[in-house]
Amino acid sequence: MPVPDVTLAGAALTEARAAHRDRSGRLRAYDQIPRRPERPSDYRKYQLPVPPLPQQSFVTSGYDLDLPDDEQRRGAEMKAVGHGGVDLAQKRGTKVSLVPLEHQVGDADVLFVGKLFGNSVVTHHAVREGSGVRDYLVIHGHLEKPASGLAPGATLPAGGVVGYVGDSGSPGVVHLHLEVRRAREGVSLSNLGPGELVQNAKTVACDPRNVLPLL
Ligand SMILES: [Zn+2]
């Protein structure tokens, strides 16, 4: 009987059920993949699509879908409660580069270019996990603009240009919204419309620190 080579695959990530109240007071239940405890909490320890700023505050907001309802952010200016990604502050126009995920199989490819969280580029990554391969997507949001000529189906090697940091859809707050989601079993990402890419029924938010490579 062949012995699986566990060094070639990441641990299968476990979904957890969570819920919080949205701004209208309605309880919203969802699945999410919390950070594994052995993964560092400090985003500076990971490869990121933009270089971290020297200031302490380059992460303007982090993944919080794993936090209980009373710890969710509810600022007066905020449209939504619950944040399934990390917001990385950077200067307008800074290049956003493709970061392959840990245990990724082959190159990433472009799934969507258009309006999602402002101007967004969504990439697809096949990731060896547990005993199989799972499909992940990475949302690069609030871009000034995507890389020129980037279109669905294009492959993006490590370091390939995804786009440029901006504040589209977040006027005055120049940053990269970086969100990682795992497709549910049996869901074909290429058949999903842009709105469906972020639907809990189709994809599950994953703490980016589970799959971004460590430096
Ligand atoms: Zn964000």
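**Entry 1: His103**

I looked up His103 and placed it in the loop between strand S5 (95–97) and strand S6 (108–116). For naming elements I used DSSP runs numbered from the N terminus, with helices as H or I of at least four residues and strands as E of at least two. The model is a predicted one, in which local features need pLDDT of at least 70 and side-chain atom pairs count only at pLDDT 80 or more, while totals for chains, interfaces and linings use all residues. Residues are numbered from 1 along each chain as its sequence is written, and side-chain values use heavy atoms, with hydrogens and water left out.

His103 is not a glycine, yet I read a positive phi of about 60° for it. Most residues other than glycine have a negative phi. The relative accessibility of His103 is 32%, so I entered it as partly exposed; in this scheme buried means under 20% relative accessible area, exposed over 50%, and partly exposed in between, with a 1.4 Å probe and protein chains only.

**Entry 2: His142 and Ser170**

I then turned to His142, which lies in strand S8 (residues 132–146). His142 has a positive phi of about 65°, although it is not a glycine. Its relative accessible area is 10%, so I recorded His142 as buried.

I found Ser170 in the loop between strand S10 (161–165) and S11. Ser170 is buried as well, with a relative accessible area of 10%. With residues up to four places away in sequence not counted, Ser170 touches His142 and His175; contact means heavy atoms within 4.5 Å.

**Entry 3: the zinc ion**

Which protein atoms are the donors of the zinc ion? I listed His83 (NE2), Asp87 (OD) and His177 (ND1), at 2.0 to 2.2 Å from the ion. Donors are N, O and S atoms within 2.8 Å of the metal (3.2 Å for Na, K and Ca); water is not among the atoms, so sites may look incomplete. Along the chain, the donors follow the spacing H-x3-D-x89-H. I noted both His83 and Asp87 as buried.

**Entry 4: the largest pocket**

I recorded a volume of about 1200 Å³ for the largest pocket. It is lined by 33 residues, of which Ala80, Val81, Gly82, His83 and Phe117 are the closest to its centre. On a 1 Å grid over the protein atoms alone, a pocket is an open set of points with protein on both sides within 12 Å along at least five of seven lines, a cavity is a set where a 1.4 Å probe fits but cannot get out, and lining residues have an atom within 4 Å of a point. Grid points are joined across faces, edges and corners, and a volume is the space filled by probe spheres set on the points.

Strand S2 (27–33), strand S3 (59–61) and strand S11 (175–183) each supply at least two residues of this pocket's lining. By class, I entered the pocket lining as eleven nonpolar, 13 polar and nine charged residues. Ala, Val, Leu, Ile, Met, Phe, Trp, Tyr, Cys and Pro count as nonpolar, Asp, Glu, Lys and Arg as charged, and the others, Gly among them, as polar.

**Entry 5: Val81**

I located Val81 in the loop between S3 and strand S4 (85–89). Val81 is buried, with a relative accessible area of 11%. Leaving aside neighbours within four places in sequence, I found Val81 in contact with His20, Arg21, Asp22, Arg23, Gln72, Arg73 and Arg74. From Val81 to His142 the C-alpha distance is 18 Å, for a sequence separation of 61 residues.

**Entry 6: the cavity**

How many cavities of 30 Å³ or more does the structure hold? I counted one. The largest cavity has about 40 Å³ of space. Its lining consists of Pro49, Leu98, Val99, Leu101, His125, Val138, His140, Leu178 and Leu212. I classed seven of these as nonpolar, two as polar and none as charged.

**Entry 7: Asn210**

I found Asn210 in the segment after strand S12 (203–206). Is Asn210 buried or exposed? Asn210 is buried, with a relative accessible area of 3%. With neighbours within four places in sequence left aside, its contacts are Leu13, Ile33, Pro34, Arg35, Arg36, Arg39 and Glu102.

**Entry 8: the whole chain**

I counted one helix and twelve strands in the protein. I noted that 47% of the 215 residues count as buried.
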